[in-house]
Amino acid sequence: MCGIVGYIGAQEATPILLDGLARLEYRGYDSAGVAVYSDGALKVAKAKGRLQVLSDMLQGGAAIHGQVGIGHTRWATHGAPSDINSHPQVSRSGKIAVVHNGIIENYSALKQFLISQGVPFTSQTDTEVVAQLIEYFYDGDLLQAVGRVLHRIEGAYALGILCADTPDQLIAVRRDSPLILGVGEGENFLASDVTAIIKHTREVIYMEDGEVAVLTREGIQCYNHFLQPVEKEAAHVDWEIDAAEKGGYEHFMFKEIMEQPEALRRAIFPRIKDGQVYLEDFGLSDDYIRDIRKIYIVACGSSYHVGMVGKYNLERILRLPVEVALASEFRYREPIVDGHTLVIMISQSGETLDTMAALREAKRLGGKILSIVNVVGSSIARESDVVLYTWAGPEIAVATTKAYSTQLAVLDLLGLHFAQRLGTMGKEAYDQIVQEMLLLPAKMEQVLENREDIQYYASQYFNHDSVFYIGRNLDYALGLEGSLKLKEISYIHSEAYASGELKHGTISLIEEGTLVVALATYSRLFEKAMSNVVEVKSRGADVLALTTEPHRKEMGKIANGLITIPETHPMLLPSLGVVPLQLFAYYVALMRGCDIDKPRNLAKSVTVE
């Protein structure tokens with residue numbers, strides 16, 4: 001949530017800050033601002049609303065001249081969205097400006113202390129406490145003042161700090177909230193996401209928790225929590241800038257839906273060699289795998305739904321108990337984890353705070369941590385025992401699509417790897433699934449080619465105010481993701497239910513004209529799925545059904561609308577089934593005039609509890 005960008009160099013800072021903030025819009029925000037050192041003082045401009053409001057105010061960057069500055073897109077937590085509560089927040093003298101992601105948990109006590117010392121406050125934010133506290137301790141040495149503050153504030157935060165007395169430096173601080181440093185020629189950058197600075201540099205330094213960095217034009221010096229120097233090496237970012245551009249598509253979400261076949265090829269093909277799953281540099285020995293007694297899958301949002309699919313598949317092929325846990329609940333439930341427990345963390349960004357906290361709790365209890373993430377060098381990746389990257393490429397739209405698909409593929413590959421070592425799957429079944437995994441991208445392209453049919457159904461149903469997704473087994477797990485996609489970008493109330501639970505209360509909500517999306521791809525339970533379709537239709541529901549090609553004729557006799565996917569191995573059906581659900585949500589939101597890439601109240605990476 002929120003976005004940070006900072007620059008120090010020889011170029012005009014304001015246009016660079018505005019461009020970087022524009023590339024962070026996908027993270028979600030309700031106001032934006034910049035602080036730039038200009039003509040001997042800090043000049044601050046802030047505005048509630050879209051970044052364009054700020055850009056117009058600054059004439060695209062021409063209104064404030066200067067070569068060092070910080071910028072921010074804020075998502076309100078403390079204090080309503082307003083110009084005053086926007087970042088940067090400044091100290092009472094105007095000398096110190098701070099941008100901040102995260103939450104200062106003890107801000108209230110610190111604020112009361114500062115008020116007792118005669119310090120006035122102008123905003124309702126926790127961030128202003130940081131700016132005022134730095135000035136309170138400042139005696140000419142900014143780094144030492146920051147160090148004293150860090151020993152007093154509690155919570156999760158990423159900070160960018162600029163002082164008018166030291167315009168030849170920026171200070172960056174990170175604790176439990178993502179912040180990276182960009183290394184350039186005669187210029188350096190800080191940002192909450194590499195997307196903001198990839199236009200200017202591909203060399204980045206990943207800050208660890210508790211680290212502080214001082215950026216000058218000549219270089220970057222990092223320090224630990226005790227302000228002792230630490231050596232850091234830059235990593236090279238190898239994806240192209242056009243990967244973070246729309247490339248002619250109207251929305252990032254649609255572009256990323258269409259990119260899924262290629263993303264699957266990147267995730268799957270290098271990991272299958274000579275008909276065998278091959279996980280390079282895999283850090284779990286065969287002896288350890290045979291010693292596993294329980295698997296946890298811990299995640300949030302769409303990644304949690306990947307885990308729900310994974311539970312069905314892994315238990316079926318490994319014959320081990322698999323529990324899926326919401327990361328936000330995991331560490332508060334006193335989970336039973338020991339040395340025989342494998343804990344799989346799934347996160348697109350690798351920075352999800354709840355997932356990170358759950359990881360640390362599982363590790364403290366003695367569990368082995370395996371993470372499935374997209375972002376190389378992310379916090380979750382660095383703190384895990386084993387990492388499997390999805391290689392999905394940058395995902396900009398808030399509503400995840402290709403990250404979900406690649407996470408699912410990697411989890412399936414992991415299951416096959418384990419099954420072979422545990423001897424829980426015969427060679428014929430193993431070979432069949434491996435072969436079908438190699439065919440997944442091409443079959444997904446077939447689904448995408450039929451998107452006009454899905455667009456037609458969206459045009460028929462976009463005006464519904466409540467939608468129910470029903471399914472059994474893998475179809476239920478798939479329905480969770482389909483329902484989430486619809487609600488998060490179209491704002492339609494939508495719920496997913498296991499079909500067998502309809503009779504236990506939910507069917508009372510089915511009435512004339514209610515839209516029910518019935519998922520019936522899992523052949524083993526197709527007849528039961530048909531019975532549920534008849535059941536809701538008898539209450540007056542309109543049914544849009546999703547099934548496989550072999551069941552087209554039978555389902556087509558009773559459903560009001562029908563979408564089909566190619567046949568594949570049952571384990572892989574959700575990989576194909578999710579695509580029409582993504583497209584349906586996209587087209588419904590489009591017809592309702594919603595801001596698809598930046599849905600209200602949502603952020604790409606949730607870095608606060």
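Select strand 18 (residues 294–299) together with strand 20 (residues 341–347) in this predicted model: the two pair in the parallel sense over five bridges, where strands are DSSP runs of E of at least two residues, helices are runs of H or I of at least four residues, and both are numbered from the N terminus. Two strands count as paired if DSSP finds at least two bridges between them. Within this pair, I295 stands opposite L342 in strand 20.

Residue numbers start from 1 along each chain as its sequence is written. Because the model is predicted, local features need pLDDT of at least 70 and side-chain atom pairs count only at pLDDT 80 or more, whereas totals for chains, interfaces and linings use all residues, and side-chain values use heavy atoms, with hydrogens and water left out.

**The parallel sheet and its helices**

Widen the selection to the open sheet of five strands, which follow the order 19-18-20-21-22 with parallel pairing. Its edge strands are strand 19 (322–326) and strand 22 (386–389), each of which pairs on one side only. On average, neighbouring strands of this sheet are turned by 20° against each other, direction ignored; axes here are lines fitted to C-alpha atoms, for helices over the stretch in contact, and angles run from 0 to 180 degrees between N-to-C directions.

Next, add helix 9 (residues 301–318), which packs on the sheet and touches strand 18, strand 19 and strand 20, its direction making about 170° with that of strand 19; contact means heavy atoms within 4.5 Å. Helix 11 (residues 353–364) also packs on the sheet, touching strand 18, strand 20 and strand 21 (368–373), and its direction makes about 165° with that of strand 20.

Keep helix 11 displayed and show the side chains of D176 and R360, which meet in a salt bridge (2.6 Å, N to O), a term that requires a side-chain nitrogen of Lys or Arg within 4 Å of a carboxyl oxygen of Asp or Glu. This pair links distant parts of the chain, since D176 lies in the loop between strand 8 (170–175) and strand 9 (180–183) and R360 lies in helix 11, 184 residues apart. The structure holds 30 salt bridges.

**Helix pairs**

Return to helix 9 and add helix 16 (residues 474–490): the two pack at an angle of about 175°, with their axes 9 Å apart. Helix 9 and helix 16 are therefore roughly antiparallel to each other, the categories being roughly parallel under 35 degrees, roughly antiparallel over 145, roughly perpendicular from 65 to 115, and oblique for the rest. Among the residues making the contact are H305, M308 and Y312 of helix 9 and Y476, L480 and L484 of helix 16. By class, this contact of helix 9 with helix 16 has nine nonpolar, four polar and three charged residues, with Ala, Val, Leu, Ile, Met, Phe, Trp, Tyr, Cys and Pro counted as nonpolar, Asp, Glu, Lys and Arg as charged, and the others, Gly among them, as polar.

Now select helix 13 (residues 402–422) and helix 14 (residues 427–449), whose axes come within 11 Å and cross at roughly 170°. That makes helix 13 roughly antiparallel to helix 14. Their contact is made by residues including A409, L413 and L416 of helix 13 and I433, V434 and M437 of helix 14, and by class it has eight nonpolar, two polar and one charged residues.

With helix 14 still selected, bring in helix 7 (residues 260–268), whose axis comes within 9 Å of that of helix 14, the two crossing at roughly 175°. That makes helix 7 roughly antiparallel to helix 14. The residues of this contact divide into ten nonpolar, one polar and two charged.

**The antiparallel sheet and a hairpin**

Move to the open sheet of seven strands, which follow the order 5-6-7-8-12-13-14 with antiparallel pairing. Strand 5 (89–90) and strand 14 (229–230) stand at its edges with a single partner strand each, so one side of each is left without a neighbour in the sheet. Strand 8 and strand 12 (residues 211–215) pair in the antiparallel sense over five bridges, and the bridge partner of V173 in strand 12 is V212.

Finally, select strand 9 and strand 10 (residues 188–191), which run antiparallel and are joined by four bridges. In their hairpin, which has four residues between the strands, G186 takes a positive phi near 70°.
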